[in-house]
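Biologist: Could you take me slowly through one part of this model, the nonpolar core, and then show me how the parts around it are arranged? I am in my first year, so please go step by step.

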Amino acid sequence: MSLVRMTIEARPAAAELKPAGVRSARYFKPMLGLILPVGLAVGWELIVRAGFSDGRLVPPPSRIYEEFAELARTGELVRHVTATLARVAIGFGLGTVAGTLFGAVAGYSAVVRRLIDPSLQGLRAVPSIAWIPLFILWLGIFETSKVALIAVGVFFPIYLGVMGAILAVDRKVVEVGRVFRLSGPAMVRRILLPAVLPTYVVSLRAGLGLGWMFVIAAEFMGASEGLGYLLIDGQQLGKPAEIVAAILAFAVLGKATDAILAMGTAPFLRWQDAFVPAEEA
């Protein structure tokens, strides 16, 4: 029996030798992130109930829960969440495709990089709000302009991530590929793609985060549904609980989509021999 086979077969047995406490601790580690928000929520609820604050401008969790329950009962919550999710999904998809293509071409070709990168870097500094009047004039006030604004926010971090990752590929690794006379597609598939993939995943997560930020500005453009609309509605009607409920919905959806993206891309990064903190080893 080969040494490699013996090692592979020994892994399950070694895992079984781990103490039950160590194995069960893995299920509780994700719960550590809830300690801070839950602690703050419980603390504020107790402060309001004790009479130290009326909770009018900063409503306690119980009032926010009532607001969520009312929105869910009337069907408004599902309608607004669905509208926002659809806009972010489409804008993220378009921005990802454009950012990946432009970043890959600019990173691979010095001529293209010198041609387009200065202009794109200048446009990257333009605030998101500045695009709104132009997009309304070009695309109207309906969904197309909203999706375009989100795509712009997603585009730049992915473009920079892909281009920077290609430029940061170790030159010696590329030289090895040339020694083996790899063709252009083979060089991309076997050398550049594995080297770029970790940074690309990070840039995707950054782009998704900016997509959630830009959707708020997008839904300020005369939207009649969406979580951004709830923010404006709560401000105009003086309903702090509705505003906080919309903010919490943004936070939960943003974290959930980021976690889905991280889990979806994790299988492609299993080959990495990355550093593992001592408490997780």
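Modeller: What follows begins with the chain as a whole, turns to the core and two of its residues, and ends with the helices around them. Please keep in mind throughout that this is a predicted model.

The protein chain has 12 helices and 0 strands, and buried residues make up 33% of its 281 residues. Among the contacts with a separation of 6 or more, 71% are between residues 24 or more positions apart. The accessible surface of the chain comes to about 17,600 Å², and 70% of that surface belongs to carbon and sulfur atoms.

Now to the core itself. In soluble globular proteins, nonpolar side chains tend to be buried together. The largest nonpolar core here has 49 residues, and those that touch the most other members are Leu149, Tyr159, Tyr200, Trp212 and Leu227. Helices H5, H6, H7, H8, H10, H11 and H12 each supply at least two residues of this core, and the largest share, 14 residues, comes from H10.

Two of these residues deserve a closer look. Leaving out residues up to four places away in sequence, Tyr159 touches Gly99, Phe102, Gly103, Ala106, Ile116, Asp117, Leu120 and Gln121. Leu227, for its part, is found in helix H11, and because its relative accessibility is 0%, below the 20% limit, Leu227 counts as buried. With neighbours within four places in sequence again left aside, Leu227 is in contact with His80, Val81, Thr84, Glu219, Ala246, Ala249, Phe250 and Leu253. Leu227 and Leu85 are 142 residues apart in sequence, yet their C-alpha atoms are 9.4 Å apart in space.

Not every residue of a core-supplying helix is hidden, and Val202 serves as a contrast. Val202 has its place in helix H10, but its relative accessibility is 55%, which is over the 50% limit, and therefore Val202 counts as exposed. Its C-alpha atom is separated by 8.7 Å from that of Ile158, a residue 44 places away along the chain.

Next comes the way the helices pack. Two packed helices are described by the angle between their axes and the distance between the axes. The axes of H5 and H6 come within 6 Å and cross at roughly 130°, and these two helices are therefore oblique to each other. On the H5 side, this contact is made by Phe102, Val105, Ala106, Gly107 and Tyr108, and on the H6 side by Ala110, Val112, Arg113, Ile116 and Leu120.

A second pair, H4 and H12, packs at an angle of about 80°, with axes 9 Å apart, and H4 and H12 are therefore roughly perpendicular to each other. Here Arg63, Ile64, Glu67 and Phe68 of H4 meet Ala241, Glu242, Val244, Ala245, Leu248 and Ala249 of H12. Ala249 of H12 thus appears in this contact, and Ala249 is also one of the residues in contact with Leu227.

Finally, consider helix H3, which covers residues 35-49 and reaches 21 Å from its first C-alpha to its last, close to the 21 Å expected at 1.5 Å a residue. Just after H3, Gly51 takes a positive phi of about 90°. Within the helix lies Glu45, a residue that is buried, with a relative accessible area of 12%. Apart from residues up to four places away in sequence, Glu45 touches Pro60, Pro61 and Ser62.

Note on methods:
Residues numbered from 1 in each chain as written. Heavy atoms only, no water. Core = buried A, V, L, I, M, F, W, Y, C linked by side-chain atoms within 4.5 Å. Buried < 20%, exposed > 50% of the residue type's maximum accessible area, 1.4 Å probe, protein only. Helix = DSSP H or I, 4+ residues; strand = E, 2+ residues; numbered from the N terminus. Contact = heavy atoms within 4.5 Å. Areas by Shrake-Rupley, 256 points an atom, 1.4 Å probe, with all protein chains shown as cover. Expected span 1.5 Å × (residues − 1). Axes fitted to C-alpha atoms, helices over the stretch in contact; angles between N-to-C directions. Parallel < 35°, antiparallel > 145°, perpendicular 65-115°, else oblique.
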